[in-house]
There are 2 protein chains.
Amino acid sequence: MHPTALGILGIGAFARALAHRARQGGVATVLGWTPMPRDRVASVRDGIVDDAPARPEDLLARCDVVVLAGDAAQNLDWLERFGPCIAPGRYLTDVGMTKRAIVARAGDLGLGDRFAGSRPVLEPSARWDGGVVVYVTPAGTGDEAAREVAHFWESVCGAHPVLLDAERHDAQVALSAQLPALVAVALAAVLESRLPPGVGLSGAAQDFTRLPCDGDLVHVSALWQNRDHGAAVLRHAAAAVERLAASLEAAGPADFAAALAAAQAWRRSLEP
Amino acid sequence: MHPTALGILGIGAFARALAHRARQGGVATVLGWTPMPRDRVASVRDGIVDDAPARPEDLLARCDVVVLAGDAAQNLDWLERFGPCIAPGRYLTDVGMTKRAIVARAGDLGLGDRFAGSRPVLEPSARWDGGVVVYVTPAGTGDEAAREVAHFWESVCGAHPVLLDAERHDAQVALSAQLPALVAVALAAVLESRLPPGVGLSGAAQDFTRLPCDGDLVHVSALWQNRDHGAAVLRHAAAAVERLAASLEAAGPADFAAALAAAQAWRRSLEP
């Protein structure tokens with residue numbers, strides 16, 4: 001689905017970048033809605049969207065594709081309230097970090113033919129340039145809706161859509177994106193309780209422990225929605241930390257040097 | 001001690017920055033030595049040092065303060081070979097990450113009146129601007145030598161010297177600088193073994209797991225020299241990771257949200 005009119009619910013940094021990219025991608029009209037009237041007025045005044053109607057139903061009636069871009073709790077709420085307003089042949093998606101909860105809710109609401117979940121792998125500071133990966137997760141048996149949503153990301157944003165079921169997606173995102181933020185929370189707890197006052201942190205420690213302050217990465221509701229996978233990957237991390245401690249207590253440096261070399265080799269293999 | 005001539009053994013990035021700062025700080029002559037002849041020639045040709053004699057003894061005879069700027073193993077070797085050549089009233093120090101091993105060796109060699117360990121808290125990319133903290137650790141009863149070395153850092157580099165015994169220093173550096181790199185090694189092991197091929201990492205995961213590739217931060221010999229403290233802080237980290245996993249398995253989000261809020265509040269309290 002290449003929409004003539006795109007709607008975005010929730011006007012934050014993501015919506016601004018998406019609206020900009022959609023116009024470059026040939027979408028004639030971009031509409032926005034957000035709960036606060038003054039934010040709607042500002043979004044039109046600043047040229048982020050073409051119009052921001054006061055009633056979300058007016059936006060839904062005019063748009064071929066609507067993107068939910070609030071936080072995880074807002075997206076679930078908006079799905080329930082507005083999902084049933086989407087006419088057949090039009091599509092709804094969200095861009096939250098985890099997908100099981102919203103996809104299950106869409107299935108329960110019988111919206112599998114109109115809704116699929118999405119997660120663009122887009123850092124807070126990143127642009128849509130250069131082929132962003134977007135995971136698209138079908139709701140129930142909604143493979144056709146997922147294909148239409150995938151085509152939206154590809155044709156409008158030049159993205160690389162990857163269809164994936166929500167269960168596998170959430171297991172992956174726990175490792176690839178949530179685990180570092182969770183480990184940073186644990187590291188901050190150790191440093192807070194054990195570092196003497198006045199002792200400065202290394203630059204790496206400063207950068208890493210800043211992660212839990214980044215709302216986009218560790219929003220509580222997204223982490224909590226994925227808590228089974230989160231707990232599982234944290235347990236793997238705790239075991240790996242224990243193994244490394246044991247290698248430092250071994251008779252010689254061989255095991256420890258091997259662990260360090262393996263980490264270096266793996267990390268370098270990711271560089272282009 | 002504000003030296004007329006400063007000597008640096010080991011000519012890498014640290015030596016370049018120190019030589020530059022020493023000249024700004026009024027040191028008339030900076031000499032360098034490093035094992036490879038071509039590196040010595042290049043250091044003079046590129047204007048990093050004024051001269052780079054082939055024999056380290058010739059450097060030692062001409063300098064009031066000599067800084068060992070090799071890796072941990074080189075510094076220990078150079079201390080043994082050249083420490084006894086330092087005349088009374090002249091001073092030797094090193095800039096390795098951990099201090100117990102080299103300070104103990106200096107004590108064993110009877111060099112407490114001429115040697116004190118140093119650790120400038122200087123990131124690889126950082127400059128000497130703006131009052132860098134330098135920890136100075138006495139060898140044996142060598143408090144006077146430590147004061148002279150501290151005065152060198154203060155008067156030449158505009159640094160803030162902090163005198164500290166080597167045991168406390170090494171316990172602190174395990175937390176403030178080595179723990180993040182060690183946790184990154186453990187995180188890399190989890191991601192390597194569990195992430196499906198082709199799944200991209202978040203930017204934070206990319207940045208953090210790059211740490212073990214930074215030779216300055218996690219040089220094996222410095223980590224191994226501090227392995228008792230390293231193992232202890234890793235065990236604290238493993239326990240904190242386990243506690244966070246347990247908070248995700250609790251009946252409600254209260255414990256987990258509290259852990260996240262504590263990490264955020266602590267980290268924000270460090271910002272200026």
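Two strands count as paired if DSSP finds at least two bridges between them. Helices (H or I, at least four residues) and strands (E, at least two) are DSSP runs, numbered from the N terminus. This is a predicted model, where local features need pLDDT of at least 70, side-chain atom pairs count only at pLDDT 80 or more, and totals for chains, interfaces and linings use all residues. Residues are numbered from 1 along each chain as its sequence is written, while chains are lettered from A and ligands numbered from 1 in the order in which they are written.

Let's start inside chain B. Strand β6(B) (residues 133–138) runs parallel to β7(B) (residues 160–163), and four bridges join them. One pair to look for is Val136(B) with its bridge partner Leu163(B) in β7(B). To get from β6(B) to β7(B), the chain passes through helix α6(B) (residues 143–157), in a right-handed β-α-β crossover; with the strands pointing away from you, the path from the first strand over the helix to the second runs clockwise.

Now for the two copies. Superposed by least squares on the C-alpha atoms of residues with pLDDT of at least 70 in both, chain B lands on chain A after a rotation of 180° with 0.0 Å of shift along the axis (RMSD 0.0 Å). That is how a two-fold axis relates copies. In chain B, the C-alpha nearest this axis belongs to Ala238(B), 2.3 Å away.

Where they touch (C-beta atoms, placed from the backbone, within 7 Å), chain B and chain A give 68 residues each. On the chain B side, α7(B) provides the largest share, 18 residues.

Technical notes: Contact = placed C-beta atoms within 7 Å.
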